Amino acid sequence: RVAVEFDGPSHFTKMTKPIPGEKVIAPRALGHTVLKYRLLKKQGWTIVRIPFYEFDGIPFWASMERQRYLQRKLKTHANIRFSGIDVSEYSPPTPNRKSRFD
């Protein structure tokens with residue numbers, strides 16, 4: 001069983017502007033979010049977390065990049081099985097076609 005959650009800003013501490021020359025620290029998850037993930041994990045769920053500050057960093061018009069990001073997140077979990085098909089791979093066009101609608 002896999003749970004995929006898109007965590008919005010209400011799940012994290014407030015992001016602060018980075019100070020020049022210092023390392024940028026990602027916001028920490030709040031207590032209610034940590035508790036929820038702990039409870040789900042105890043019940044045998046695998047949780048894939050998609051934080052808003054990572055996902056929103058990908059432009060909305062870059063749908064393939066968003067899809068690849070989600071695929072990378074899902075493949076980080078060892079107990080998730082995939083078919084051998086990766087939809088993000090490029091496939092060359094068919095030689096007989098004159099347009100993309102043929």
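Visitor: Before we start, what counts as a helix or a strand here?
Guide: Helices and strands are DSSP runs, and a helix needs at least four residues while a strand needs at least two. They get their numbers from the N terminus.

Visitor: Which pattern does the chain follow along the sequence?
Guide: Keep in mind that this is a predicted model. The chain has 3 helices and 2 strands. Read in sequence order, they give β-α-β-α-α.

Visitor: Which helix has the lowest mean pLDDT among the elements of the chain?
Guide: Across the chain, the mean pLDDT is 76, and 74% of the residues reach 70 or more. Among the elements, the highest mean, 91, belongs to helix α1 (residues 31-42). The lowest, 82, belongs to residues 63-75, which is helix α3.

Visitor: What do the buried residues of α3 pack against?
Guide: Let's walk along that helix: α3 has 13 residues and spans 18 Å from its first C-alpha to its last, close to the 18 Å expected. Its buried residues are Arg66, Tyr69 and Gln71. They pack against β2 (46-51) and α2 (52-55).

Visitor: Is Tyr69 buried or exposed?
Guide: The cut-off for buried is under 20% relative accessible area. Tyr69 has 9%, so this residue is buried.

Visitor: Which residues make up the largest nonpolar core?
Guide: In soluble globular proteins, nonpolar side chains tend to be buried together. Here the largest such core has 6 residues, and one of them, Ile58, also touches Glu65, Arg66 and Tyr69 once neighbours within four places in sequence are left aside. The full core is Val48, Ile50, Phe55, Ile58, Ala62 and Tyr69.

Visitor: Are the rings of Phe12 and Phe52 stacked, edge-to-face or tilted?
Guide: There are 5 aromatic pairs in the count. For Phe12 and Phe52, the ring centres are 5.9 Å apart and the planes sit at 50°. Planes under 30 degrees apart would be stacked and over 60 edge-to-face, so this pair is tilted.

Visitor: Where in the chain do Phe12 and Phe52 sit, and how many residues apart are they?
Guide: Phe12 is in the loop between β1 (2-7) and α1, while Phe52 is in helix α2. The pair links distant parts of the chain, 40 residues apart.

Visitor: Which helices does the pair of Phe55 and Tyr69 tie together?
Guide: These two rings form a tilted pair, 5.9 Å centre to centre with 55° between the planes. The two residues are 14 apart in sequence. Phe55 lies in one helix and Tyr69 in another, so the pair ties together α2 and α3.

Terms used. Residues are numbered from 1 along each chain as its sequence is written. This is a predicted model: local features need pLDDT of at least 70, side-chain atom pairs count only at pLDDT 80 or more; totals for chains, interfaces and linings use all residues. Side-chain values use heavy atoms; hydrogens and water are left out. A nonpolar core is a set of buried Ala, Val, Leu, Ile, Met, Phe, Trp, Tyr and Cys residues joined through side-chain atoms within 4.5 Å. Buried means under 20% relative accessible area, exposed over 50%, partly exposed in between (1.4 Å probe, protein chains only). Contact means heavy atoms within 4.5 Å. pLDDT is the predictor's confidence in each residue, from 0 to 100. The expected span of a helix is 1.5 Å times one less than its number of residues. Rings of Phe, Tyr and Trp (its six-membered ring) pair if their centres lie within 6.5 Å; planes under 30 degrees apart count as stacked, over 60 as edge-to-face and the rest as tilted.
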